[in-house]
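Colleague: Could you take me closely through a single part of this model, the sheet and what packs on it, and then place it beside the other packing in the chain?

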Amino acid sequence: MFRRAISLSVSLVVLLSVGACGAAPVATSSAPSAAAVTASPVATQRPLLTLRVGLGSTPAPALPNSVLWLAKDLGYYEREGLDVSLIELNGTPAVIAAMRSGDLDVGNIATSDVLNLTASKTLELRAIHSPDSRQYFMVVTKDTIGTVADLKGRSFGIARVGSLDHTMTSLVLKAKGFDPADLKFVGAGDPSARAQALVAGRLDATAVSLGTWVSIQKEKGIKALIDSNEYYAAAPIIVKVNAVTPKVAAEKAEQLKRFSAAVMKASRAFAADQKTWVDAMAKRRTDLARVDLEGLWPQFSASWASNGILNLDQYAKTADFLYSTDDFKGIAKIGPADWVDTRFVDAALKEIGVAAGVDDPGRPIR
(Lines give C-alpha, C1' and ligand atoms only; values in the text may rest on other atoms or scores of the structure.)
Protein backbone atom coordinates (compact mmCIF):
# COMPACT_ATOMS: atom_id res chain seq x y z
CA MET A 1 0.00 0.00 0.00
CA PHE A 2 2.86 2.38 0.92
CA ARG A 3 4.71 1.61 -2.27
CA ARG A 4 1.58 2.32 -4.33
CA ALA A 5 1.12 5.64 -2.51
CA ILE A 6 4.72 6.64 -3.13
CA SER A 7 4.41 5.64 -6.79
CA LEU A 8 1.31 7.78 -7.25
CA SER A 9 3.03 10.70 -5.51
CA VAL A 10 6.16 10.31 -7.61
CA SER A 11 4.13 10.06 -10.84
CA LEU A 12 2.30 13.28 -10.02
CA VAL A 13 5.54 15.13 -9.21
CA VAL A 14 7.15 13.83 -12.40
CA LEU A 15 4.26 15.25 -14.45
CA LEU A 16 4.63 18.59 -12.68
CA SER A 17 8.41 18.50 -13.07
CA VAL A 18 8.18 17.80 -16.80
CA GLY A 19 5.73 20.65 -17.21
CA ALA A 20 7.95 23.02 -15.28
CA CYS A 21 11.32 22.05 -16.72
CA GLY A 22 10.73 20.48 -20.09
CA ALA A 23 10.37 23.79 -21.90
CA ALA A 24 13.47 25.37 -20.41
CA PRO A 25 15.90 26.58 -23.09
CA VAL A 26 19.27 24.93 -23.54
CA ALA A 27 21.95 27.45 -22.64
CA THR A 28 25.33 27.60 -24.34
CA SER A 29 28.02 27.74 -21.71
CA SER A 30 30.72 30.35 -22.01
CA ALA A 31 33.00 28.22 -19.84
CA PRO A 32 36.51 27.82 -21.34
CA SER A 33 39.04 25.00 -21.67
CA ALA A 34 38.14 22.05 -19.41
CA ALA A 35 34.48 23.08 -19.33
CA ALA A 36 34.23 23.46 -23.11
CA VAL A 37 33.10 19.84 -23.34
CA THR A 38 29.77 20.97 -21.82
CA ALA A 39 28.69 22.46 -25.12
CA SER A 40 28.89 19.17 -27.05
CA PRO A 41 25.68 18.29 -28.94
CA VAL A 42 23.34 15.48 -28.04
CA ALA A 43 24.64 12.17 -29.35
CA THR A 44 21.71 11.39 -31.64
CA GLN A 45 22.61 7.70 -32.02
CA ARG A 46 22.68 7.10 -28.27
CA PRO A 47 19.45 5.87 -26.67
CA LEU A 48 17.83 8.21 -24.17
CA LEU A 49 17.97 6.41 -20.83
CA THR A 50 15.71 7.25 -17.92
CA LEU A 51 16.75 8.09 -14.37
CA ARG A 52 14.60 9.12 -11.40
CA VAL A 53 16.34 11.47 -8.97
CA GLY A 54 14.78 12.25 -5.60
CA LEU A 55 15.28 15.66 -4.01
CA GLY A 56 14.39 16.20 -0.37
CA SER A 57 13.94 19.95 -0.63
CA THR A 58 12.19 22.55 -2.71
CA PRO A 59 12.81 25.00 -4.28
CA ALA A 60 16.33 24.65 -5.66
CA PRO A 61 18.74 26.10 -3.08
CA ALA A 62 20.94 29.04 -4.02
CA LEU A 63 24.00 26.86 -3.42
CA PRO A 64 26.22 24.60 -5.57
CA ASN A 65 23.66 21.84 -4.87
CA SER A 66 21.42 23.73 -7.33
CA VAL A 67 23.38 22.04 -10.12
CA LEU A 68 20.98 19.08 -9.88
CA TRP A 69 18.06 21.27 -10.93
CA LEU A 70 19.94 23.56 -13.31
CA ALA A 71 21.60 20.70 -15.21
CA LYS A 72 18.09 19.74 -16.30
CA ASP A 73 17.01 23.30 -17.08
CA LEU A 74 20.07 23.86 -19.27
CA GLY A 75 19.96 20.51 -21.06
CA TYR A 76 23.06 18.86 -19.60
CA TYR A 77 21.26 15.61 -18.80
CA GLU A 78 19.75 15.40 -22.25
CA ARG A 79 23.12 15.98 -23.89
CA GLU A 80 24.41 12.95 -22.01
CA GLY A 81 21.55 10.86 -23.40
CA LEU A 82 19.49 10.93 -20.23
CA ASP A 83 15.84 11.61 -19.52
CA VAL A 84 16.09 12.66 -15.86
CA SER A 85 12.98 13.10 -13.74
CA LEU A 86 13.63 15.39 -10.79
CA ILE A 87 11.22 14.36 -8.06
CA GLU A 88 10.85 16.81 -5.19
CA LEU A 89 9.63 15.16 -1.99
CA ASN A 90 8.96 16.45 1.49
CA GLY A 91 12.25 15.81 3.25
CA THR A 92 14.99 13.20 3.29
CA PRO A 93 12.90 10.47 4.98
CA ALA A 94 10.47 10.48 2.03
CA VAL A 95 13.39 10.22 -0.42
CA ILE A 96 14.89 7.30 1.49
CA ALA A 97 11.50 5.55 1.65
CA ALA A 98 11.09 5.90 -2.11
CA MET A 99 14.61 4.56 -2.69
CA ARG A 100 13.86 1.61 -0.45
CA SER A 101 10.66 0.78 -2.39
CA GLY A 102 12.39 1.17 -5.77
CA ASP A 103 10.42 4.24 -6.84
CA LEU A 104 13.62 6.32 -7.09
CA ASP A 105 16.99 5.48 -8.60
CA VAL A 106 19.10 8.21 -6.98
CA GLY A 107 18.54 10.14 -3.77
CA ASN A 108 20.11 13.47 -2.88
CA ILE A 109 20.37 12.87 0.87
CA ALA A 110 22.47 13.61 3.93
CA THR A 111 25.86 11.93 4.07
CA SER A 112 25.05 10.97 7.65
CA ASP A 113 22.00 9.00 6.49
CA VAL A 114 24.01 7.03 3.94
CA LEU A 115 26.64 6.13 6.53
CA ASN A 116 24.17 5.41 9.35
CA LEU A 117 21.76 3.29 7.29
CA THR A 118 24.57 1.29 5.73
CA ALA A 119 26.58 0.77 8.91
CA SER A 120 23.50 -0.25 10.91
CA LYS A 121 22.43 -2.61 8.08
CA THR A 122 19.07 -0.85 7.89
CA LEU A 123 19.39 -0.02 4.18
CA GLU A 124 22.57 -0.53 2.19
CA LEU A 125 23.47 2.58 0.19
CA ARG A 126 26.41 3.88 -1.81
CA ALA A 127 27.44 7.52 -2.27
CA ILE A 128 28.28 7.98 -5.97
CA HIS A 129 29.22 11.68 -5.89
CA SER A 130 28.38 14.95 -4.15
CA PRO A 131 27.03 18.10 -5.83
CA ASP A 132 28.40 20.37 -3.08
CA SER A 133 31.83 20.14 -1.45
CA ARG A 134 30.93 21.70 1.89
CA GLN A 135 28.15 22.85 4.15
CA TYR A 136 27.17 26.52 4.25
CA PHE A 137 25.36 26.63 7.58
CA MET A 138 25.40 29.80 9.63
CA VAL A 139 23.88 30.92 12.93
CA VAL A 140 21.25 33.63 12.57
CA THR A 141 19.52 35.38 15.45
CA LYS A 142 17.27 38.20 16.54
CA ASP A 143 19.18 41.44 16.15
CA THR A 144 18.93 42.06 19.89
CA ILE A 145 21.53 39.32 20.42
CA GLY A 146 24.89 41.04 20.28
CA THR A 147 27.36 38.21 20.90
CA VAL A 148 27.45 34.44 21.23
CA ALA A 149 27.42 34.87 25.02
CA ASP A 150 24.02 36.57 24.72
CA LEU A 151 22.51 33.27 23.54
CA LYS A 152 22.37 32.01 27.13
CA GLY A 153 18.83 30.96 28.02
CA ARG A 154 17.51 31.68 24.49
CA SER A 155 15.49 29.40 22.21
CA PHE A 156 17.46 27.85 19.34
CA GLY A 157 15.61 26.10 16.50
CA ILE A 158 16.90 22.74 15.27
CA ALA A 159 15.46 19.99 13.09
CA ARG A 160 15.27 17.65 16.09
CA VAL A 161 17.32 16.72 19.12
CA GLY A 162 20.38 14.79 17.95
CA SER A 163 20.02 15.88 14.32
CA LEU A 164 23.09 16.83 12.31
CA ASP A 165 22.40 20.57 12.52
CA HIS A 166 21.99 20.21 16.31
CA THR A 167 25.30 18.35 16.64
CA MET A 168 27.22 20.64 14.30
CA THR A 169 25.89 23.80 15.93
CA SER A 170 26.83 22.48 19.37
CA LEU A 171 30.42 21.95 18.19
CA VAL A 172 30.54 25.41 16.62
CA LEU A 173 29.30 27.06 19.81
CA LYS A 174 31.78 25.10 21.93
CA ALA A 175 34.55 26.35 19.63
CA LYS A 176 33.32 29.86 20.42
CA GLY A 177 33.56 29.19 24.14
CA PHE A 178 29.82 28.80 24.68
CA ASP A 179 28.21 25.84 26.46
CA PRO A 180 25.31 24.50 24.33
CA ALA A 181 23.66 23.28 27.55
CA ASP A 182 22.83 26.95 28.22
CA LEU A 183 20.48 27.00 25.18
CA LYS A 184 16.85 25.92 24.93
CA PHE A 185 16.91 23.73 21.81
CA VAL A 186 13.53 23.55 20.06
CA GLY A 187 12.60 21.06 17.31
CA ALA A 188 11.31 23.34 14.54
CA GLY A 189 11.63 21.40 11.27
CA ASP A 190 13.68 22.05 8.14
CA PRO A 191 15.84 25.17 7.57
CA SER A 192 13.10 27.04 5.71
CA ALA A 193 10.62 26.47 8.54
CA ARG A 194 13.20 27.50 11.12
CA ALA A 195 14.01 30.66 9.18
CA GLN A 196 10.37 31.67 9.03
CA ALA A 197 9.94 30.95 12.75
CA LEU A 198 12.88 33.26 13.46
CA VAL A 199 11.43 36.02 11.28
CA ALA A 200 8.08 35.64 13.03
CA GLY A 201 9.75 35.97 16.42
CA ARG A 202 8.98 32.43 17.59
CA LEU A 203 12.68 31.60 17.88
CA ASP A 204 15.62 33.60 19.18
CA ALA A 205 18.18 31.87 16.97
CA THR A 206 18.69 28.99 14.53
CA ALA A 207 21.15 27.55 12.01
CA VAL A 208 20.28 27.78 8.30
CA SER A 209 22.20 27.54 5.05
CA LEU A 210 23.61 30.56 3.27
CA GLY A 211 21.06 29.98 0.50
CA THR A 212 18.19 30.14 3.01
CA TRP A 213 19.67 33.23 4.65
CA VAL A 214 19.58 35.08 1.32
CA SER A 215 15.81 34.63 1.18
CA ILE A 216 15.26 36.30 4.59
CA GLN A 217 18.27 38.58 5.09
CA LYS A 218 16.28 41.75 4.33
CA GLU A 219 13.66 40.98 6.96
CA LYS A 220 13.66 43.31 9.95
CA GLY A 221 14.81 42.23 13.38
CA ILE A 222 17.30 39.48 12.43
CA LYS A 223 21.04 39.24 11.88
CA ALA A 224 23.85 36.81 11.06
CA LEU A 225 25.76 36.02 14.26
CA ILE A 226 28.19 33.36 12.95
CA ASP A 227 28.90 33.36 9.22
CA SER A 228 29.21 30.27 7.03
CA ASN A 229 33.02 30.27 6.96
CA GLU A 230 33.28 30.41 10.76
CA TYR A 231 30.71 27.63 11.04
CA TYR A 232 32.44 25.40 8.48
CA ALA A 233 35.82 25.84 10.19
CA ALA A 234 34.35 24.16 13.29
CA ALA A 235 32.43 21.45 11.41
CA PRO A 236 34.25 20.69 8.12
CA ILE A 237 32.17 17.89 6.62
CA ILE A 238 30.52 16.91 3.34
CA VAL A 239 26.84 17.25 4.21
CA LYS A 240 25.03 15.86 1.15
CA VAL A 241 25.67 13.19 -1.48
CA ASN A 242 23.84 11.53 -4.31
CA ALA A 243 23.35 7.91 -3.31
CA VAL A 244 21.98 4.68 -4.77
CA THR A 245 21.25 1.16 -3.60
CA PRO A 246 23.63 -1.61 -4.71
CA LYS A 247 20.78 -2.91 -6.93
CA VAL A 248 20.56 0.38 -8.84
CA ALA A 249 24.36 0.55 -9.04
CA ALA A 250 24.42 -2.87 -10.70
CA GLU A 251 21.44 -2.36 -13.01
CA LYS A 252 21.94 1.27 -14.09
CA ALA A 253 25.70 1.71 -14.30
CA GLU A 254 25.55 3.52 -17.66
CA GLN A 255 22.86 5.92 -16.45
CA LEU A 256 24.87 6.72 -13.32
CA LYS A 257 28.02 7.38 -15.34
CA ARG A 258 26.13 9.75 -17.65
CA PHE A 259 24.44 11.42 -14.69
CA SER A 260 27.82 11.97 -13.00
CA ALA A 261 29.25 13.41 -16.22
CA ALA A 262 26.33 15.83 -16.62
CA VAL A 263 26.66 17.10 -13.04
CA MET A 264 30.41 17.60 -13.44
CA LYS A 265 30.08 19.38 -16.79
CA ALA A 266 27.41 21.73 -15.47
CA SER A 267 29.46 22.37 -12.32
CA ARG A 268 32.49 23.29 -14.42
CA ALA A 269 30.43 25.74 -16.45
CA PHE A 270 29.05 27.39 -13.30
CA ALA A 271 32.51 27.53 -11.72
CA ALA A 272 33.96 29.20 -14.82
CA ASP A 273 31.28 31.82 -15.43
CA GLN A 274 29.20 33.71 -12.89
CA LYS A 275 26.59 34.80 -15.43
CA THR A 276 25.85 31.21 -16.45
CA TRP A 277 24.85 30.27 -12.90
CA VAL A 278 23.14 33.56 -12.05
CA ASP A 279 21.04 33.51 -15.24
CA ALA A 280 19.93 29.93 -14.62
CA MET A 281 19.16 30.53 -10.93
CA ALA A 282 17.27 33.74 -11.68
CA LYS A 283 14.94 31.79 -13.97
CA ARG A 284 14.52 28.93 -11.51
CA ARG A 285 14.19 31.16 -8.39
CA THR A 286 12.26 34.28 -9.38
CA ASP A 287 11.83 35.09 -5.68
CA LEU A 288 15.54 35.88 -5.31
CA ALA A 289 17.03 39.20 -6.39
CA ARG A 290 19.67 38.97 -9.09
CA VAL A 291 22.03 41.13 -7.06
CA ASP A 292 21.84 38.61 -4.20
CA LEU A 293 22.67 35.74 -6.55
CA GLU A 294 25.60 37.69 -7.93
CA GLY A 295 26.81 38.21 -4.37
CA LEU A 296 26.59 34.48 -3.60
CA TRP A 297 28.53 33.14 -6.58
CA PRO A 298 32.01 34.37 -5.48
CA GLN A 299 31.59 32.44 -2.23
CA PHE A 300 31.33 29.15 -4.14
CA SER A 301 34.65 29.42 -6.00
CA ALA A 302 36.07 26.20 -4.53
CA SER A 303 32.81 24.35 -3.97
CA TRP A 304 31.63 23.13 -7.36
CA ALA A 305 31.58 19.42 -8.18
CA SER A 306 34.02 19.82 -11.06
CA ASN A 307 35.40 16.31 -10.48
CA GLY A 308 32.48 14.82 -8.57
CA ILE A 309 33.65 15.66 -5.02
CA LEU A 310 34.55 12.07 -4.27
CA ASN A 311 37.90 12.26 -2.50
CA LEU A 312 37.98 9.24 -0.18
CA ASP A 313 40.17 11.01 2.39
CA GLN A 314 37.50 13.71 2.71
CA TYR A 315 34.84 11.05 3.15
CA ALA A 316 36.89 9.28 5.81
CA LYS A 317 37.25 12.57 7.73
CA THR A 318 33.50 13.20 7.40
CA ALA A 319 32.82 9.72 8.76
CA ASP A 320 35.19 10.30 11.69
CA PHE A 321 33.29 13.48 12.54
CA LEU A 322 29.90 11.75 12.30
CA TYR A 323 31.00 8.83 14.46
CA SER A 324 31.85 11.35 17.18
CA THR A 325 28.20 12.49 17.38
CA ASP A 326 25.32 11.15 19.46
CA ASP A 327 23.50 9.83 16.38
CA PHE A 328 26.26 7.26 15.83
CA LYS A 329 26.58 5.91 19.34
CA GLY A 330 26.54 2.12 19.13
CA ILE A 331 26.77 2.10 15.31
CA ALA A 332 29.42 -0.21 13.87
CA LYS A 333 32.29 1.65 12.26
CA ILE A 334 32.79 1.09 8.54
CA GLY A 335 35.26 2.55 6.05
CA PRO A 336 34.60 4.54 2.84
CA ALA A 337 34.95 1.38 0.74
CA ASP A 338 31.77 0.09 2.40
CA TRP A 339 29.57 3.10 1.55
CA VAL A 340 31.23 5.03 -1.31
CA ASP A 341 31.38 3.87 -4.95
CA THR A 342 33.81 5.77 -7.20
CA ARG A 343 33.20 3.73 -10.38
CA PHE A 344 30.76 6.09 -12.06
CA VAL A 345 32.68 9.29 -11.42
CA ASP A 346 35.94 7.62 -12.47
CA ALA A 347 34.41 6.32 -15.71
CA ALA A 348 33.05 9.78 -16.51
CA LEU A 349 36.36 11.49 -15.66
CA LYS A 350 38.19 9.07 -17.92
CA GLU A 351 36.04 10.40 -20.79
CA ILE A 352 35.88 14.13 -19.99
CA GLY A 353 39.20 14.58 -18.21
CA VAL A 354 40.03 15.85 -14.73
CA ALA A 355 39.58 19.57 -14.12
CA ALA A 356 42.93 20.80 -12.81
CA GLY A 357 43.48 22.73 -9.59
CA VAL A 358 40.05 22.11 -8.01
CA ASP A 359 38.14 19.27 -6.37
CA ASP A 360 41.08 16.84 -6.23
CA PRO A 361 39.85 13.25 -6.76
CA GLY A 362 42.71 12.07 -4.54
CA ARG A 363 43.43 9.08 -6.77
CA PRO A 364 44.74 8.46 -10.31
CA ILE A 365 42.05 8.27 -13.00
CA ARG A 366 42.92 5.51 -15.46
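**The sheet and its surroundings**

Modeller: Lysine 142 stands opposite isoleucine 222 in E9, and this pair is a convenient place to enter the model, which is a predicted one. The strand pair in question is E5, residues 137-142, and E9, which run antiparallel and are joined by four bridges. Both belong to an open sheet of five strands in the order E7-E6-E8-E5-E9, in which the pairing is mixed. Strand E7 (184-187) and strand E9 (222-226) stand at the edges, and each has a single partner strand, so one side of each is left without a neighbour in the sheet. On average, and with direction ignored, neighbouring strands of this sheet are turned by 35 degrees against each other. Helix H7, residues 191-199, packs on the sheet, where it touches E5, strand E6 (155-158), strand E8 (205-209) and E9, and its direction makes about 140 degrees with that of E8.

Turning from the sheet to the nonpolar packing, the largest nonpolar core has 107 residues, of which Tyr77, Leu151, Phe259, Trp277 and Trp339 touch the most other members. Helix H11 (residues 253-272) supplies the largest share of this core, nine residues. Tryptophan 277 is also one of the buried residues of helix H12 (residues 274-284), together with Thr276, Val278, Ala280 and Met281. What covers these buried residues of H12 includes helix H2 (67-73), H11 and helix H13 (290-296). Leaving aside neighbours within four places in sequence, the contacts of tryptophan 277 include Leu70, Phe270, Leu293 and Leu296, as well as Trp297 and Trp304.

A further packing is that of helix H5 (residues 111-119) with helix H14 (residues 312-323), whose axes lie 11 Å apart at an angle of about 75 degrees, which makes H5 roughly perpendicular to H14. In this contact Thr111, Ser112, Leu115 and Ala119 of H5 meet Thr318, Ala319, Leu322 and Tyr323 of H14, and the residues involved divide into five nonpolar, three polar and no charged.

Finally, aspartate 359 lies in the segment after helix H15 (343-352) and is buried, with a relative accessible area of 15%, which falls under the 20% cut-off. Its C-alpha atom is separated by 7.5 Å from that of glycine 308, although the two residues are 51 residues apart along the chain. Beyond its neighbours within four places in sequence, aspartate 359 is in contact with Trp304, Ala305, Ser306, Asn307, Gly308, Ile309 and Leu310, and Trp304 is also among the contacts of tryptophan 277.

Terms used. Residues numbered from 1 in each chain as written. Predicted model: local features only at pLDDT ≥ 70, side-chain atom pairs only at ≥ 80, totals over all residues. Heavy atoms only, no water. Pairing = 2+ DSSP bridges. Helix = DSSP H or I, 4+ residues; strand = E, 2+ residues; numbered from the N terminus. Axes fitted to C-alpha atoms, helices over the stretch in contact; angles between N-to-C directions. Contact = heavy atoms within 4.5 Å. Core = buried A, V, L, I, M, F, W, Y, C linked by side-chain atoms within 4.5 Å. Buried < 20%, exposed > 50% of the residue type's maximum accessible area, 1.4 Å probe, protein only. Parallel < 35°, antiparallel > 145°, perpendicular 65-115°, else oblique. Nonpolar A, V, L, I, M, F, W, Y, C, P; charged D, E, K, R; others polar.
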